[in-house]
Each structure stands twice: as C-alpha cells, then as structure tokens.
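The following exercises concern the reading of a single structure. Each task is followed by a solution in steps.

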Amino acid sequence: MQPTICRIAIAQDVIVPPEAEIIVPGKIVDSVVNIETGMVSAVSKFVKKTGLLMAHGLVKPENGVIPLRLMNLTNKICKVKKNTITAKMENVENKEIQISEQDIDPVFLNNINTSDELPVHLVELYENSSKNLNEEEKCQFMALLIKYQDAFSKDPKDIGTTNLVEHTIDTGDARPIRIPPRRLPFSKLKMAEEEILEMAKRDIIEPGYGPWSFPVVLITQPKLRFTIDYRGLNFLTYKDSYPLPRIDDTLDALSGANTVDISKQIESPGNLSKIPVVDESKSKNNLSVCAVTRSQTKKGDNSEIPGSSGSSTKLTGETNFEKDISLSDEQRQDPIIGQLFKWKLDGHRPEWQDVSASTVELKHYWSKWDSIVMKNNILYQKWENDTGSRIVWQVLLPAILRKTALEYLHNAPSSGHLGIKKTLAKLRDRYFWYGLRRDVEYWIKNCDACSCRKRPIKKPKAPLKLYSVGVPMERLAIDVTGPFPRSHHGNRYIVVIADYFTKWTQAFAIKDQGGSHCSPSAS
C-alpha cells in the first residue's frame, strides 16, 4: 500500500524579512506516487522553532515544486536553511474537494442573471477563461464578469486614475536639473506632437513651468515609443524601500495556471501615468520637445487665470488672448500685497518698528508708500521718468498672476520671445512687483524656445596664460611695424626683437617683411 502523506522541505536558503509574506519553493522529501492533489499544512516543530506561519493550501505536485507561503509577523529577520522540513502534504481525492455553501455569498447567487448581455470588451476574456469550466461554472463566471464589468478597461486608453495615493518625488536639497531638448528627426516631429496632444487630451499632462526639464526620446525598437529621459531625476531621488517579492517566487505561485501574456500590459502606453503627482513634485516632471510644443508637466499645475468679479482688468499685452481677472480680489488674497492693501484701506502708514520684522518685499512696498495709490480698489505704483514727461501707473501684480503675465508677454506667439531688456520694458509698462528683473531673467534663461534658437551672448574664449622661461634666448618675441617713409638706404619697416628672460630689446630697419630680410636681422 502506497503512503498518502509525505514531508516537504525548503528547496533553497530563504531569508524572510520582518512583517512580510513571501512564497518559497519546496520539494518532496519522501517517495510518494499517485498524488494528483495534496493538502499542504505546516509542521508544528517548524512553527515553534522559527516563529513563522505557513498557509494551508491545495497543490498539484506535477513538476516537483511545491509553493509554500510563509509569513513573518515579528520585527526580526528570520533565516531558514535549505532542506529544512517545513510542511507535510496529504493526498486528497478530487471528490473530496467541495465548496462549502458558507463560502458562497447568498446575495451573489440570488443576483446571478444569465439573461444580461456580456459586454463586448469582456467576450474574449470569457471565451479564453471558460474552456475548462462546466455549464454551471460558466454561468457563475459570466455573472461575475457582468457584475464587475466596470473593473475592466474597454481599451488601452481606458485605464483610469487612482485617488488612493499621490506620488511624491523627494529630491531633498538637490539643485534642479535642466537638460536641453534633443533634436528630433523631421519625420518624427509629427508623431511627437500627436502624442503630446493625445496625452493632454487624456489629462495626463498639461502646460507647466519650473526649473526642472528633461528631454523627450523616441525609441524605434521594436516599435515607435514616446519616452522621457528621467535618468538624472532618478539619480537624485530618494528611493522608497518595499518588501517586493522575488520574481521566481511569483512565477512559482503561478505554477499550474494557464499561460498569460503580460507583455502587452507592461508596455501599454499610459500604465505608468495613472498615479497623480503631488503639487510640490509636478515641476520635476517637466518634459521639453524642441520646435514642437511648449514645456509640459503632470496634470494639476495651476496655469489658468481666475474668473473676474467686481473691478477687473485685462492681461492682453501684445497678444490676441484676453481674459478678465479680479485684481482686487487677488491683491486682497496675496499674503504680502494683501497686508499693504489693508493699510491703504485704513489710510494709515504703520511705524517702522511694526514693519521691520516683516519680509523684504513688504518692507520694499512700505518704503514706496507715497508712490503706491489705490484706484477702484486696485493698488498701483506711480512711475515717472527723470524729466517728469512720462507717467505710468503700474499694477501691483500678485504672486499668483506673475507667471501668467510672463507667459503672455514673452512666450505668446505675438510676443516674439524677446530678450531680457525688451521683455522687462513691456512688463514695466503694465505691472510691477518686487524682484521683477530677477524673475524675468530666470524665466528667459529657462525658456525652451529661446534655448533652442538663440546663441549665447558671449562666445567662450580660452584664458591667457603665462609662459615661464629659464635661460636667455630660450624664447624670443618678434614684431614688425610699418610701412614708414622710405629711408636713404631703402628701408620702410622696423623689426623689434626682445628676449623673454633678460628683457633685452633691439630694433632693426628692413626693406620689407619678407623672410629674406627678417632672418638676417634675427640672427
């Protein structure tokens, strides 16, 4: 009579991290035959010695590998050596494997309705997965698919976005990285532009600005794919540590299952962009494409102008875009200009001791108290030239609208991406804020279009170097000057020779600059 119980041992050395669960391969120690399905359970001696827990389960030892699911609930690492007896497996007849009625949701059984039509995008899944099922199981499986049809995507673009977690890119105090956009082949520019427009349409990216920028890379093998070179960002990012399972453990857990092609799911476009990014990390995701589109970033960056209410003005500049904004409300809500707004409403200028502990920007506005006035509940700064012939009323622009003003007066098609001086002059004709020049210089230096097309103002030159000499006549300096009026001896030029070491200098008159006349003099 053949035995029906056998021992199972660990097939390799295993390290179980604290508070983690892993699947390890096991092997049959005893010689047992004719076991199609077996019930695996832990050996009490192994549990007491190691403190690990092992899940019971039904396995089919066809290929000789028995998957064992171990769990470490302690806060210490547990090591298990190879060939350690871990579990025992008992033969189970197929007729003994039954599903208890207590394990079946009665509500689910009552809601089974095979008359409902199976969605089109689930037909292929149903046909491939129901080949080995009987009629009753097929009905239950179809009802399950119909009930939870919203959990399955209809096409590669219908992935959805999770709202359970937000992704954070922690770079610490690292300085921003800005890599210029790479030139793309002319034949692929249209593809890159279409891909960007498609991602913007699906709310994956949106216009954004910031000191971080990374180039787009088009990969042609095995098919054309749109990627971004984030290697510099990945190098600076602090990595999170998670107890990820080993790949061989995952494959062993799938032993006996039908073959599933997961390559399409891994390479599916957009699968890695379905986790929202926190606002603080959005600027670090900037991508740039030369001559195709503006800089883009992850969705959520606020680039719109608030709607108008009450007293309003227009940020028009030299563009065709006009949008009303409530400057009065925005000035009130600004943390710096809002304080100045309250002072002007009260009509009382605070004393210096009340302002000295404030920010530099607020103290700057306080020093210009007489030139800042309020008209129609909007703060303006009065600027006039040295002669007093020209007066400009500049709006004190809140911080939330400064990026928009820079975009309209520099990046807009009608603005022409002018330089620092001209862009600064256009802004000063309309607006004012503390640090205006600094912000304009920073904006233009980080403009993708300007970086692609404009050359550096100063060409690099090699620095001058000193040449050291140690003995006389090691190095000579020769120079020829002229022509002068011809002398009585027919000479028109003067050659000057100086020794670098002794500083001895002599001059000779020569007829011309040719080598036949210079060489004898030098010798």
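Strands are DSSP runs of E with at least two residues, numbered from the N terminus. The model is predicted.

**Exercise 1.** Determine where Val80 is found and whether Val80 counts as buried or exposed.

*Solution.*
Step 1. Val80 belongs to strand 8, which spans residues 78–80.
Step 2. Buried means under 20% relative accessible area. The relative accessibility of Val80 is 3%, so Val80 counts as buried.
Step 3. Beyond residues up to four places away in sequence, Val80 touches Ile10, Gln12, Asp13, Val14, Phe46 and Leu52.
Step 4. The C-alpha atoms of Val80 and Ile15 lie 6.4 Å apart, although 65 residues separate the two in sequence.

**Exercise 2.** Identify the buried residues of helix 12 and state what they pack against.

*Solution.*
Step 1. In helix 12 (residues 360–367), the buried residues are Glu361, Leu362, Tyr365 and Trp366.
Step 2. These residues lie on the same side of helix 12, because they cover an arc of only 140° around the axis.
Step 3. Their packing partners are helix 10 (337–346), helix 11 (352–355), strand 17 (372–375), strand 19 (391–396), helix 13 (399–411) and strand 20 (431–432).
Step 4. For Tyr365, contacts outside its neighbours within four places in sequence include Ile336, Leu340, Leu396, Arg402 and Trp433.

**Exercise 3.** Describe the largest nonpolar core.

*Solution.*
Step 1. This core has 32 residues, and those with the most contacts inside it are Leu340, Tyr365, Leu396, Leu427 and Tyr431.
Step 2. Among the elements that each supply at least two of its residues are helix 10, helix 12, strand 19 and helix 14 (420–428).
Step 3. A second, separate core comprises 20 residues, including Val16, Val40, Met54 and Ile66.

**Exercise 4.** Analyse the salt bridge between Asp448 and Arg178.

*Solution.*
Step 1. The two side chains meet at 3.3 Å, N to O.
Step 2. Asp448 lies in helix 16 (residues 448–453) and Arg178 in the loop between helix 4 and helix 5, so the pair ties together parts 270 residues apart in sequence.
Step 3. Asp448 is buried, with a relative accessible area of 13%, whereas Arg178, at 25% relative accessibility, counts as partly exposed.

**Exercise 5.** Repeat the analysis for Arg182 and Asp229.

*Solution.*
Step 1. The side chains of Arg182 and Asp229 form a salt bridge of 2.7 Å, N to O.
Step 2. Arg182 lies in the loop between helix 4 and helix 5, and Asp229 in the loop between strand 12 (225–228) and helix 6 (231–236), 47 residues apart.
Step 3. Arg182 is partly exposed at 37%, while Asp229 counts as buried at 11% relative accessibility.

Technical notes: Residues are numbered from 1 along each chain as its sequence is written. This is a predicted model: local features need pLDDT of at least 70, side-chain atom pairs count only at pLDDT 80 or more; totals for chains, interfaces and linings use all residues. Side-chain values use heavy atoms; hydrogens and water are left out. Buried means under 20% relative accessible area, exposed over 50%, partly exposed in between (1.4 Å probe, protein chains only). Helices (H or I, at least four residues) and strands (E, at least two) are DSSP runs, numbered from the N terminus. The arc is that of the directions from the helix axis to the C-beta atoms. Contact means heavy atoms within 4.5 Å. A nonpolar core is a set of buried Ala, Val, Leu, Ile, Met, Phe, Trp, Tyr and Cys residues joined through side-chain atoms within 4.5 Å. A salt bridge is a side-chain nitrogen of Lys or Arg within 4 Å of a carboxyl oxygen of Asp or Glu.
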